[in-house]
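Visitor: I would like to go through the charged pairs and one of the helices here. Please show me the sequence and the structure before we start.

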Amino acid sequence: MKSTAFTVITALLLVIYSCSTVPLTGRKQLNILPESQMLEMSFASYREFMKSNKLSGDRTESSLVTSVGRDIAEAVTEYFNDNNQSERLQGYNWEFNLIEDKTPNAWCMPGGKVVVYSGILPYTQDVNGLAVVLSHEIAHAVARHGNERMSQELLAQFGNVALSEILKDKPEETRNIFGAAYGVGAQVGIMLPFSREHELEADKLGLIFMAMAGYDPRTAVTFWERMSQSGGQKPPEFLSTHPSDEKRINKIKNFLPEAMKYYKK
């Protein structure tokens with residue numbers, strides 16, 4: 001009985017002291033992993049991924065990814081600085097890479113490590129389409145959705161075991177959960193799906209971030225329409241974890257009036 005009570009109290013304290021707030025939306029989220037730990041795993045996974053994947057040889061497209069990515073990163077940084085939340089990006093060192101891979105996909109890990117797969121460029125078509133993808137993925141990272149998913153998975157797998165013990169005694173399991181949370185390398189096949197709440201939140205934040213950077217958020221509608229029509233019987237990789245349907249597109253349309261307030265033409 002005492003043990004059960006202790007477990008309940010421990011869990012409640014964990015929830016209370018591990019809650020943070022998502023920027024712009026104000027939603028409370030559970031993040032039990034220190035951001036320093038997330039950055040350490042992120043940089044290690046990123047280095048491993050880049051060693052085993054080929055950079056695109058197309059300098060024009062690579063430069064475009066870097067240019068648009070930097071614009072959005074600068075807008076995000078400016079937003080957090082202006083709102084006294086610069087600590088949110090502490091440890092970030094932005095990098096943008098285009099790799100040779102026909103898979104329509106892209107991701108951003110904690111610390112600002114962004115990878116775009118060449119296979120998604122036929123769908124982005126121009127700088128605005130590319131801004132939709134990059135701002136959406138960056139939004140996932142700065143909203144700390146990965147930490148939230150990892151926290152939920154760690155609690156599901158290990159219960160109330162002390163976090164320090166998990167990180168120390170089960171490093172491989174922790175790395176696997178991280179890989180699944182971010183869909184890096186071989187882990188993409190068992191990626192922990194973003195919840196509908198995370199997706200809509202990244203859509204909303206992404207629209208605002210791209211608008212701040214000077215890209216037209218209205219183009220997000222046509223981009224997601226292209227993606228939703230491209231899958232045939234099996235949706236592209238990007239859609240398997242980023243569901244695109246009529247309901248979602250309607251939500252994006254509803255977000256547009258707010259995003260347009262930030263649009264710097």
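Visitor: Are Arg27 and Glu148 buried or exposed?
Guide: The model is predicted. In it, Arg27 and Glu148 form a salt bridge. The cut-off for buried is under 20% relative accessible area, and both Arg27 and Glu148 are classed as buried.

Visitor: Which parts of the chain does the pair Arg27 and Glu148 link?
Guide: The closest N and O atoms of Arg27 and Glu148 are 2.9 Å apart. In sequence, the two residues are 121 residues apart, so the pair links distant parts of the chain. Glu148 belongs to helix H6 (residues 145-158), while Arg27 sits in the loop between strand S1 (19-21) and strand S2 (28-30).

Visitor: How is Lys113 classed, buried or exposed, when it forms a salt bridge with Glu95?
Guide: Glu95 lies in strand S3 (residues 95-99) and Lys113 in strand S5 (residues 113-117), 18 residues apart. Glu95 has 30% relative accessibility and therefore counts as partly exposed. Lys113 has a relative accessible area of 5%, and because buried means under 20%, Lys113 is buried.

Visitor: Why does Arg218 count as partly exposed?
Guide: Arg218 forms a salt bridge with Asp216, with the closest N and O atoms 2.9 Å apart. Asp216 is buried because its relative accessible area is 14%. Partly exposed lies between the cut-offs of 20% and 50%, and Arg218 falls there because its relative accessibility is 43%.

Visitor: Which residues do salt bridges that share partners join into one network?
Guide: A search of the whole structure gives nine salt bridges. One of them is the pair of Arg27 and Glu148. Through shared partners, one network joins Arg27, Glu148, Glu197 and Glu201.

Visitor: How many residues of H5 are buried?
Guide: Helix H5 (residues 127-142) has 16 residues, and its span from first C-alpha to last is 22 Å, close to the 22 Å expected at 1.5 Å a residue. H5 is largely enclosed by the rest of the structure, because the number of its residues that are buried is 15 of the 16.

Visitor: Which residue reaches the backbone nitrogen of Asn128 at the start of H5?
Guide: The contact is made by a side-chain oxygen. That oxygen comes to within 3.2 Å of the backbone nitrogen of Asn128, and the residue it belongs to is Asp126.

Visitor: What phi does Arg144 take?
Guide: Helix H5 covers residues 127-142. Arg144 comes just after H5, and its phi is positive, at about 60°.

How values were computed
Residues are numbered from 1 along each chain as its sequence is written. This is a predicted model: local features need pLDDT of at least 70, side-chain atom pairs count only at pLDDT 80 or more; totals for chains, interfaces and linings use all residues. Side-chain values use heavy atoms; hydrogens and water are left out. A salt bridge is a side-chain nitrogen of Lys or Arg within 4 Å of a carboxyl oxygen of Asp or Glu. Helices (H or I, at least four residues) and strands (E, at least two) are DSSP runs, numbered from the N terminus. Buried means under 20% relative accessible area, exposed over 50%, partly exposed in between (1.4 Å probe, protein chains only). The expected span of a helix is 1.5 Å times one less than its number of residues. A polar contact is a pair of N or O atoms within 3.5 Å; within protein, one must be able to donate a hydrogen and the other to accept it, and residues adjacent in sequence count only if both atoms are side-chain atoms.
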